[in-house]
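Student: Could you take me through the surroundings of the ligand in close detail? I would like one connected account.

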Amino acid sequence: MTSYPDLRLYIGGAWRTTTDDLPVVNPATEEVIGRLPSAGPQDLDDALGAAEKGFAIWSRTAPRDRADVMMRAAAIMRDRQDEIAHSITLEHGKPYPQARLEVIRGAEFFEWDAGEAVRTYGRVIPSGPGVDYIVHHQPIGAVAAFSPWNFPMSQPARKIAGAIASGCSIILKAAEETPAGAMHIARAFHDAGLPAGVLNLVFGVPADISGYLIPHDSIRLIAFTGSTDVGRHLTTLASEHMTPVLMELGGHAPVIVCEDTDVQAAAISGAVRKMRNAGQVCTSPTRFFVHEQVFDEFLGHFTDRAAATVVGDGLEAGVEMGPLANDRRVGALAGFVDDARAKGADVTTGGSRLGTRGYFFEPTVLANVPDDARVMQEEPFGPLAIVNPVASLDEAIAQANSVPYGLAAYGFTNRSDYANRMVEGVDAGNLSINTLEASLPETPFGGVKSSGYGREGGTEGLHHYMVVKNVSHSYTIV
Ligand code: NAD
């Protein structure tokens, strides 16, 4: 098996180190596995200059040629999936098979957006004789993007794919905790022949980098995935420069379990999905509102399956859930459990840190959680589920909508009238019935309310990376 890669910045088509660096830690062992170069002002100036040059070339490259480079890069990522997945498990902790699936998902994002690149159609508006009105969709310019640590490969892939398919250049600041995923993407594009400056990768102190890049004139779009608080801060900063934003922020997904469903199947599916990526997913199913007729049965099956989750180092065979990404998350999870317990919630399994080495936390189920517990409003972003009884579908929908978030929501029912009431009534950018899959490359993904602004993926995915230009062309001067 390969070792963890040497980490570098990628600016203007070249790899570089810096004198300042940051440690990268394996969350399963707490060992330092790499040193990450930290970009200073000169590096960022160079990246800005490179992105301007990259945009000049790439925006005039035919969409078909852009798509070819993306497909070559995706094929390279597929070929290197074992190596990339190994890096991801080392830096993030997730089970190796899940890391491999993430690499494939990342490649699929590039493949989907490569297809979309050649379909950014404009339109001709009917006009009188001697004049044409033509709507063009043109790349917006250089993008400053910020990706988080929960999916080291597929999160950067979303942003890079959207920018490159649209003809933009991009400076990506990927997460300092999990830099190798993004570095492998840059390597694949380098090897696929992407012109210098189209993709630039930097790391460093997040606030310093966003504070430096966002005000710059050549940055025409800010794309961010992460917490709502940071998203709000970056949106405020961008608004001072009238720079548009694409914000994919927090979620606190409700799951409505109706009395007519297959209760055991829904409970097992819910518990398995909840613990995926140790619950560190913005679409993670978290607040289960279960009809009171089937509540006890659901809670029993759910608790049993959650408690049976195999937790360990993601490189060990059979492990279903790795550690949390960092020590901050362990403290946050313990705080949510203590608060809920003090307010009267039942802890039916888990609730504590696991072991003394690595950032492991027990799969945790809280039942009968009162509305004033912090976790009912704040996203736990960890392996913690809430299972509460409700008397009706109306009550479940009201509970689902009672948080500031509106990213993913789920329902289990066989009744089309129940499903339709959820479609009409639940505030969410993504609603899934009888499945806990929230998005695919070909479906648009994003939130409402405090979960953000804009969509990634689907045919909507390139909209934010492009501007509309209407051309009125008269054949004679009028
Ligand atoms: P955080 O709010 O400190 O950071 C979230 C992300 O934003 C990180 O990737 C971080 O590097 C980046 N960031 C922070 N300040 C920034 C700045 N000024 N400029 C640019 N980037 C900045 O939280 P955290 O402890 O790293 O993560 C926990 C919270 O983040 C969770 O509760 C969850 O809500 C959120 N989160 C969401 C997603 C998602 O997929 N939507 C992913 C990761 C984290």
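Tutor: Happily! The side chain of W149 has an N or O atom 2.9 Å from an oxygen atom of the ligand, a polar contact in the sense of a pair of N or O atoms within 3.5 Å. R328 offers a side-chain N or O atom 2.8 Å from a ligand oxygen, and for E379 that distance is 2.5 Å. Taken alone, the ligand exposes 800 Å², of which the protein buries 85% (Shrake-Rupley areas, 1.4 Å probe).

Please keep in mind that this is a predicted model, where local features need pLDDT of at least 70, side-chain atom pairs count only at pLDDT 80 or more, and totals for chains, interfaces and linings use all residues. Residues are numbered from 1 along each chain as its sequence is written, and side-chain values use heavy atoms, with hydrogens and water left out.

Now for the wider shell. There are 23 residues around the ligand, and W149, S210, S227, R328 and E379 come nearest (near: a heavy atom within 4 Å). By class, eleven are nonpolar, seven polar and five charged, with Gly counted among the polar ones. Two or more shell residues come from each of α7 (206-213), β10 (219-225), α8 (228-239) and α11 (327-342); these are DSSP runs, helices (H or I) of at least four residues and strands (E) of at least two, numbered from the N terminus. Domain 1 (9-249 + 451-470) and domain 2 (254-440) each give the shell at least three residues, with bounds from an automatic or database domain assignment.

Notes:
A polar contact is a pair of N or O atoms within 3.5 Å; within protein, one must be able to donate a hydrogen and the other to accept it, and residues adjacent in sequence count only if both atoms are side-chain atoms.
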